[in-house]
Amino acid sequence: MAKTLSLDNLHRLVDALLQEGVRVVGPKRTGTLTVYAPLTRGEELELNELPRRSAKETFFPPCETILSFEKRDGRTTVSDPDLDRLPETVLIGVRPCDAAAPGILDAVFSWDYDDPFFLERRKRTTIIGIACTSSDDACFCTAVGLTPDARQGSDLFLVPVEGGGFAVEALDAKGSALKERHAALFTAGGNTVPLPLAEPKVEPLDLEKIRAWLDGNFEHPLWKEIADRCAGCGACAFLCPACHCFDIVDEGGEGSGCRRKHWDACGFGKFTMHASAHNPRDVQPQRYRNRIMHKFKYYRDKFGQTLCTGCGRCIRWCPVGIDIKAVLDEINKKS
Amino acid sequence: MTQGQQTESTPLVDPACYAAATAAIRAEAVRLLEAGEVTAVVGYRAGRRAGSAMPEVATTAEAAAQLIFTPGCQNNLALFLSKAKREALPKGKVAVVVKGCDLRALAGLIGESQLKRDEVHVIGVACPGVYGAGADLAKPLAAESLARKCRECKVHLPEGTDVVAGTLPPLPDLAPLEAEELARLEAMTPQERWAFWTEQFARCIRCLACRQVCPFCFCTQCLCDRNRPQAVDTSPRPAGNTAWHIVRAMHLAGRCAGCAECERVCPMDIPLNLLNRKMAQELFELYGFETTMQPQEQGALTSYRDGDDQSFIK
């Protein structure tokens with residue numbers, strides 16, 4: 001029989017996990033914005049707003065140390081971070097557009113090299129997804145193959161039901177284990193009539209047609225038309241659940257320091273700058289073209305998946321109003 | 001979900017004002033392009049989402065006839081006349097649509113010899129105000145959704161432009177929220193202020209949207225991108241974030257035109273214009289300098305007068 005979970009019990013679940021020493025990350029209001037952040041109690045969970053940044057940072061933080069070095073008595077010691085110390089984590093209250101992304105990124109982070117930083121966090125994290133009951137005019141998950149109640153990427157899934165609370169579905173061993181461990185909080189029966197889902201009202205896209213058009217139109221006036229206005233910042237890439245480029249830098253002093261990996265973005269002018277000072281993408285439209293090509297062609301060609309979940313963050317926060325859905329509509333019409 | 005924080009309230013400005021400005025911009029832009037007086041008009045066009053707008057480089061009369069002016073026209077288009085974005089424009093004389101705050105930036109660029117006044121046809125727009133960050137663009141402009149800078153705007157009507165589009169309606173008197181916030185910060189102890197900014201900068205993800213939309217951030221090689229030698233850590237951590245924002249504020253002192261675009265575009269809600277305003281206030285108090293709608297030959301920090309305050313030299 002279907003199990004349900006009241007909102008109070010969802011909060012109790014967070015509290016119980018915290019008591020067990022599990023790190024619980026979920027949407028939390030901090031100042032003027034909601035972000036995914038470690039919770040200190042269940043009531044902090046903010047389920048009414050899509051967090052400003054995506055959930056990718058749970059696995060791929062904005063910045064992390066990948067080694068540290070120290071010079072002493074003429075000898076240099078280099079040490080790796082201890083990945084065994086990465087905490088067991090439950091990522092809770094994740095909408096389908098955010099829940100689907102880490103699974104899409106598994107492909108690239110375990111492609112020619114197994115990235116232990118990403119993959120260890122994936123292994124130790126359970127994702128509790130939640131069906132989406134509110135959307136705005138930037139949302140377009142349904143146009144890129146997801147739905148407001150897509151289970152993709154979730155281990156446990158919550159569907160908000162009439163009268164409050166959630167219908168609960170375990171989708172894999174991780175989800176079942178979590179549910180079993182806290183069985184007392186889940187009730188058998190109860191109202192399981194789901195609340196209406198937030199279907200974005202958007203034109204559908206034919207992703208295969210778009211891929212084919214991109215294949216033949218590396219050079220096309222459209223790129224200049226769309227992206228001359230691009231200001232060249234990283235807001236779209238940094239808020240995106242699927243963008244995953246990073247830079248590696250050494251920071252510190254002569255005596256000691258760290259090698260750090262931090263978010264990078266193909267919109268930055270220096271992203272492809274060679275040491276020779278040659279820049280193969282020397283104007284902004286070429287950089288924006290790469291953003292679209294990577295998401296809708298290269299990643300599909302290589303891994304059979306689309307590097308976009310339709311969360312709409314890049315649309316809401318582009319400083320110059322570039323609307324990726326409008327761009328895709330345009331390409332969809334051409335192809 | 002609604003991403004904005006606006007609540008229902010009565011429209012602030014008669015929408016007919018924006019419609020009139022739109023008609024005047026279109027007429028002027030079409031005329032300029034048809035007469036061959038300019039090669040492009042940098043203006044705004046509507047986006048897909050209701051109420052949204054984006055910069056547009058119109059090079060044909062057809063495109064010019066689609067230009068708009070609405071409360072969604074937030075961008076400072078003077079950016080396109082800066083060295084950093086000039087590549088987006090065709091060669092030859094161009095026209096640009098500017099609000100009063102944007103005009104101050106354009107005047108600043110001319111003052112810094114980035115372009116000559118006669119290289120640009122300036123279409124000023126009588127601007128009652130635009131939306132602030134995070135506003136619900138589908139709803140009429142209201143006191144709650146008006147940009148903070150617009151509450152205290154003294155340049156609703158541009159001066160010294162080639163033409164002014166639209167006329168100003170009577171505007172409501174609104175509480176100066178930003179000035180109040182600045183006063184609140186100034187009343188703090190240095191320790192409290194440091195704690196305030198430490199918390200703000202901690203959120204920075206170094207997307208550099210603040211830099212990229214700033215008309216005055218046109219350095220070919222930004223100090224903060226340098227790595228040989230490295231002056232500022234590029235990783236989004238407290239040390240580099242703080243250094244970046246201090247460098248930004250200092251480098252813009254006496255140059256910043258107060259368009260507050262840096263603050264509007266910050267996806268992490270860092271109130272950057274408070275820093276800009278504080279610097280502007282200091283420059284006024286120390287040197288009587290203010291950015292204006294007219295190009296000034298010398299900025300406060302690029303000129304020396306015998307009477308200049310030197311008390312800071314210990």
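In β12 of chain A, the bridge partner of A:E251 is A:C258. Strands here are DSSP runs of E of at least two residues, and helices are runs of H or I of at least four, both numbered from the N terminus. The model is predicted: local features need pLDDT of at least 70, side-chain atom pairs count only at pLDDT 80 or more, and totals for chains, interfaces and linings use all residues. Residues are numbered from 1 along each chain as its sequence is written, while chains are lettered from A and ligands numbered from 1 in the order in which they are written.

The bridge between A:E251 and A:C258 belongs to a set of seven that join β11(A) to β12(A) in the antiparallel sense; two strands pair if DSSP finds at least two bridges between them. A hairpin of three residues connects β11(A) to β12(A). Strand β12(A) also pairs with β4(A), residues 63–72, again antiparallel and over seven bridges. Within that pairing, A:F69 has A:G257 of β12(A) as its bridge partner.

A further sheet in chain A is open and mixed, with eight strands in the order β3-β2-β6-β7-β8-β9-β1-β10. Its edges are β3 (33–38) and β10 (187–188), each with a single partner strand, so one side of each has no neighbour in the sheet. Toward the β10 end of that order, β1 (residues 3–5) and β9 (residues 166–170) of chain A are antiparallel and share three bridges. A:T4 stands opposite A:A167 of β9(A). Strands of a sheet pair through backbone hydrogen bonds, either parallel or antiparallel.

Strand β2 of chain A contains A:T30. A:T30 is partly exposed, with 14 other C-beta atoms within 10 Å; by this count a residue is buried with 20 or more such atoms, exposed with 12 or fewer, and partly exposed in between, C-beta atoms being placed from the backbone. Leaving aside residues up to four places away in sequence, A:T30 touches A:V35 and A:A37, where a contact requires C-beta atoms, placed from the backbone, to lie within 7 Å. The C-alpha atoms of A:T30 and A:E44 are separated by 9.8 Å, with these positions 14 residues apart along the chain numbering.

Helix α1 of chain A (residues 7–19) has 13 residues, which at 1.5 Å a residue should span 18 Å, and the 18 Å between its end C-alpha atoms agrees; the expected span is 1.5 Å times one less than the number of residues. A:N9, A:L10, A:L13, A:V14 and A:L17 are buried in this helix. Viewed down the axis of α1(A), the buried residues fall within an arc of 155 degrees, so they line one face of the helix; the arc is that of the directions from the helix axis to the C-beta atoms. An α-helix has 3.6 residues a turn, so residues three or four places apart point the same way. The buried residues of α1(A) pack against β1, β2 (23–30), β6 (89–94) and β9 of chain A. After α1(A) comes A:G21, with a positive phi near 90 degrees.

The contact between the chains takes 39 residues from chain A and 31 residues from chain B. On the side of chain A that touches chain B, α7 (235–239), β11 (246–252), β12 (256–263), α9 (313–317) and α10 (324–334) each supply at least two residues. This side of chain A has 18 nonpolar, nine polar and twelve charged residues, with Ala, Val, Leu, Ile, Met, Phe, Trp, Tyr, Cys and Pro counted as nonpolar, Asp, Glu, Lys and Arg as charged, and the others, Gly among them, as polar.Several backbone features lie in loops. Most residues other than glycine have a negative phi, and most peptide bonds are trans. A:A277, which is not a glycine, has a positive phi of about 85 degrees. A:A277 is placed in the loop between β12 and α8 (284–303) of chain A and is exposed, with 6 other C-beta atoms within 10 Å. In chain B, phi of B:D269 is also positive, near 55 degrees. B:D269 occupies the loop between α9 (261–265) and α10 (272–287) of chain B and counts as partly exposed, with 16 C-beta neighbours inside 10 Å. A cis peptide bond, with omega about 0 degrees, joins B:R228 and B:P229; B:P229 is found in the loop between α7 (209–212) and α8 (238–252) of chain B.

The predictor gives the complex an ipTM of 0.96 and a pTM of 0.95. Chain B has a mean pLDDT of 94, and 97% of its residues reach 70 or more, pLDDT being the predictor's confidence in each residue, from 0 to 100. Over residues 1–8 of chain B, pLDDT stays under 50, and the model has 22 contacts beyond four places in sequence for them.

Methods
Two residues are in contact if their C-beta atoms, placed from the backbone, lie within 7 Å.
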